[in-house]
Amino acid sequence: MSSNTLKTYTLKDLSEYDGSDSSKPILLGLNYNVYDVTSGSEHYSKGKSYSIFSGRDCTHNFAVSSINESDLPSIESDPIDLQTYSESQKNAALAWERRLSVKYGVVGRLVKAEQKAENACIDLGLESPHIAFTAPMKSLIEKLIVEAIANIRKDPK
Ligand code: HEM
């Protein structure tokens with residue numbers, strides 16, 4: 001596992017947890033945190049008022065108070081960073097985060113696909129505090145993983 005023990009999710013990883021598979025939890029992304037909102041399935045499961053938020057990074061929508069699916073970032077994009085938002089938009093998103101964090105647990109962090117690749121050597125258990133790769137070996141492994149992710153994105157099959 002990487003520096004903290006929480007799982008890392010790209011927006012694409014997160015989209016697998018949208019409530020369409022009842023054997024998986026429903027997850028919601030907000031401000032780089034991933035919340036398990038399964039216990040709020042009356043809001044988030046398929047057909048419910050806020051199901052569009054399931055499996056997605058909702059940061060932008062909470063900042064601008066939008067419940068439109070078309071305002072959600074693409075699952076191909078990077079997590080939304082509140083730094084570029086106005087104070088009032090930031091506060092709106094953070095108020096939602098306070099509300100949700102009282103009710104639901106954080107189970108992971110949102111990351112860019114590139115960051116995920118950088119952590120992959122550690123996440124895959126290839127590297128540990130006891131076994132470290134030499135720098136050139138590590139950058140080769142990272143390069144191969146980044147390429148593999150890019151290829152999968154180009155041709156998901
Ligand atoms: C006219 C506007 C709106 C009305 C009348 C409304 C109404 C409600 C109601 C009655 C609930 C259930 C509250 C509960 O069970 O605790 C709820 C939950 C929720 N609303 Fe809205 N809402 C509105 C707008 C919005 C907007 C703009 C957003 C986000 C951008 C939003 C996000 C949510 C979410 C995420 C929940 C579920 C919270 C949870 O997991 O406990 N709502 N809303």
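A residue is taken here as buried if 20 or more other C-beta atoms lie within 10 Å of its own, the C-beta atoms being placed from the backbone. By this criterion, 28% of the 157 residues of the protein chain count as buried in the structure, which is a predicted model. The secondary structure of the chain comes to 6 helices and 4 strands, and these elements follow one another along the sequence in the pattern β-α-β-β-α-α-α-β-α-α. Among the contacts in the protein chain with a separation of 6 or more, 65% are accounted for by residues 24 or more positions apart.

Cys-58 is placed in the loop between α2, which spans residues 41-44, and α3, which spans residues 59-64. Cys-58 counts as buried because 27 other C-beta atoms lie within 10 Å. When its neighbours within four places in sequence are left aside, Cys-58 is found in contact with Leu-28, Gly-29, Leu-30 and Phe-53. Of these partners, Gly-29 is 29 residues away from Cys-58 in sequence, although the two are 5.7 Å apart in space, C-alpha to C-alpha.

Phe-53, a contact of Cys-58, also belongs to the set of residues around the ligand. That set further comprises Val-37, Gly-40, His-43, Tyr-50, Asn-61, Phe-62, Ser-65, Ser-66, Ile-67 and Lys-103. In composition, the shell around the ligand divides into 5 nonpolar, 5 polar and 1 charged residue.

Terms used
Residues numbered from 1 in each chain as written. Predicted model: local features only at pLDDT ≥ 70, side-chain atom pairs only at ≥ 80, totals over all residues. Helix = DSSP H or I, 4+ residues; strand = E, 2+ residues; numbered from the N terminus. Buried ≥ 20, exposed ≤ 12 C-beta atoms within 10 Å, placed from the backbone. Contact = placed C-beta atoms within 7 Å. Near = placed C-beta within 6 Å. Nonpolar A, V, L, I, M, F, W, Y, C, P; charged D, E, K, R; others polar.
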